[in-house]
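Got the viewer open? Let's take a walk through this chain, one selection at a time.

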Amino acid sequence: MSRPGRGREGAVVAAAFVICLLGGTVRVEDALTAPPLAAYLLALVSAAVLPARHRRPLAVLAATTAAGLAAQPLGLVLSPLVIAPALVAAYACTLHVPGERRAAGAVTLAGVALLAGSVPLAGDLSWQDASRIGSVPAAPLVAGLVGHAARTRRAYLAAVEERARRAEESRELEARRRVAEERVRIARELHDLVAHQITLANAQATVAAHFVDSRPEQTRVSLRELVETTGQALDELRATVGLLRQTGDTDTGVTEGPAPGLARLPDLLESFRRAGLEVTLREEGRARPLPPGVDLTAYRIVQEALTNVTKHASGRGTRVGLDWGGGRLTVTVTDDGGAPTGPPALSDRPPGYGLLGLRERATAVGGDLTAGPREEGGFLLTAHLPVPPVRDTATAEEGRTGHANDGTEGTA
């Protein structure tokens with residue numbers, strides 16, 4: 001027990017001893033005299049067992065109640081003052097005894113015993129005796145009710161603290177989960193933005209190095225394309241880092257352009273063709289506008305798949321397919337395989353996280369993605385992405401047309 005706890009315990013025991021001793025000064029005729037030896041003995045015995053009330057509440061309640069019942073045989077008046085230690089024990093009993101019914105039964109039993117012991121042993125029953133008979137058993141019951149209220153309040157405070165602790169843990173876990181998701185998202189974005197440009201730059205540099213002596217004009221073209229590619233990579237990296245540095249409404253001077261989508265697919269394919277990749281596009285079905293997330297995912301899937309073909313395959317006969325049938329968009333990227341023709345910088349790199357990131361992207365928008373080698377050779381990547389119903393698409397197109405007409409009429 002800590003030093004403040006020991007001081008508080010000593011104060012309670014001392015107060016119970018003094019009150020019990022003062023109760024021994026009361027006589028039947030309401031006169032006050034010096035406490036006799038019996039009063040000292042009763043107060044000492046009752047107060048001596050109180051320090052054990054936290055560990056043995058029922059035993060201490062029984063001991064203090066028995067000491068109170070010995071008041072009349074010792075020539076003392078049984079009053080609420082004499083049983084002060086029993087009141088402290090009743091309060092502790094309702095606090096520490098497991099089970100509220102058990103604690104209430106013990107306190108009630110102590111009250112009944114004191115009621116029986118408060119009846120005068122001799123003489124007629126006066127109004128003063130009747131008042132004592134009523135107050136003596138009521139006192140431990142009141143102490144028990146106070147203890148029950150304290151117990152309920154402690155339980156309530158403990159429950160509030162537990163809920164607060166769990167809520168804090170939940171907030172911490174949620175914060176950690178969001179941080180982990182954000183880290184994965186940032187890593188995926190940086191991979192998709194940078195890996196494509198670096199792969200193209202590597203391929204263009206390889207072409208320039210191969211033709212530096214035999215075809216100087218082709219070398220200059222490759223070097224110009226290399227400069228453009230690296231410049232685009234720097235611009236995209238700068239824009240991405242600038243967006244990540246934005247906090248709240250703080251303006252960093254970086255403007256976010258529109259996210260890439262299938263509308264930029266021809267430019268993407270042309271960039272790979274300039275790097276030496278033979279790629280064709282086949283589209284089936286009626287194209288429909290896509291939500292921004294699905295549109296970006298479709299673009300990134302084609303971009304990463306062609307980047308992997310450039311790094312890990314020969315690049316002969318690569319085909320990109322877009323199938324709008326079946327209420328969904330099916331994106332396929334197929335290559336014929338063959339030994340890699342690129343330099344070690346492209347061919348011998350260990351596999352990265354590109355396919356994992358694409359699966360995460362497809363799952364995030366409600367689609368799925370599979371990738372693996374084909375039986376006839378080469379590699380096939382297939383992604384199924386959700387497409388809005390035709391009615392939603394028509395509504396969106398009408399809304400855009402209406403806004404365009406409103407703008408034209410306002411200009412006129």
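One cut-off before we start clicking: a residue counts as buried when its relative accessible area is under 20%. Keep in mind too that this is a predicted model.

**The whole chain**

Start with everything shown as cartoon. You have 12 helices and 5 strands to look at. Of the 412 residues, 36% count as buried. Now think about contacts between residues at least 6 apart in sequence: 70% of those join residues at least 24 apart.

**Stop one: alanine 90**

Select helix 4, residues 84-96, and pick out alanine 90 inside it. Is alanine 90 buried or exposed? Its relative accessible area is 0%, under the 20% cut-off, so alanine 90 is buried. Show what is around this alanine, skipping neighbours within four places in sequence, and you should find Leu61, Val107, Pro140, Ala143 and Gly144 in contact with it. Then draw a C-alpha to C-alpha distance from alanine 90 to glycine 111: they are 21 residues apart in sequence, and the distance comes to 9.6 Å.

**Stop two: valine 60**

Next, go to helix 3, residues 57-69, where valine 60 sits. With a relative accessible area of 4%, valine 60 is buried. Leaving out residues up to four places away in sequence, valine 60 touches Val49, Leu50, Ala52, Arg53 and Ala89. Try another distance here: from valine 60 to alanine 48, which is 12 residues away along the chain, the C-alpha atoms are 9.8 Å apart.

**Stop three: the cysteines**

Select cysteine 20 and cysteine 93. Cysteine 20 is buried, at 2% relative accessible area, and cysteine 93 is buried as well, at 0%. How many disulfides are there? The count comes to 0, taking a disulfide as a pair of cysteine sulfur atoms within 2.5 Å.

**Stop four: helix 8 and helix 9**

Now select residues 265-274 for helix 8 and 292-312 for helix 9. Two packed helices are described by the angle between their axes and by how far apart those axes are. For this pair, the axes come within 11 Å and cross at roughly 5°. That angle is under 35 degrees, so helix 8 counts as roughly parallel to helix 9.

Turn on side chains to see who meets whom. From helix 8 come Leu265, Leu268, Leu269 and Phe272; from helix 9 come Tyr299, Val302, Gln303, Leu306, Thr307 and Thr310. By type, the residues in this contact are 7 nonpolar, 3 polar and no charged.

Stay on helix 8 and colour its buried residues: Leu265, Leu268, Leu269, Ser271 and Phe272. Why do they line one face of the helix? Look down the axis of helix 8: the buried residues fall within an arc of 155°, so they line one face.

For a last click, move just past helix 8 to glycine 276, which follows the helix and has a positive phi near 100°.

Technical notes:
Residues numbered from 1 in each chain as written. Predicted model: local features only at pLDDT ≥ 70, side-chain atom pairs only at ≥ 80, totals over all residues. Heavy atoms only, no water. Axes fitted to C-alpha atoms, helices over the stretch in contact; angles between N-to-C directions. Helix = DSSP H or I, 4+ residues; strand = E, 2+ residues; numbered from the N terminus. Parallel < 35°, antiparallel > 145°, perpendicular 65-115°, else oblique. Contact = heavy atoms within 4.5 Å. Nonpolar A, V, L, I, M, F, W, Y, C, P; charged D, E, K, R; others polar. Buried < 20%, exposed > 50% of the residue type's maximum accessible area, 1.4 Å probe, protein only. Arc of directions from axis to C-beta.
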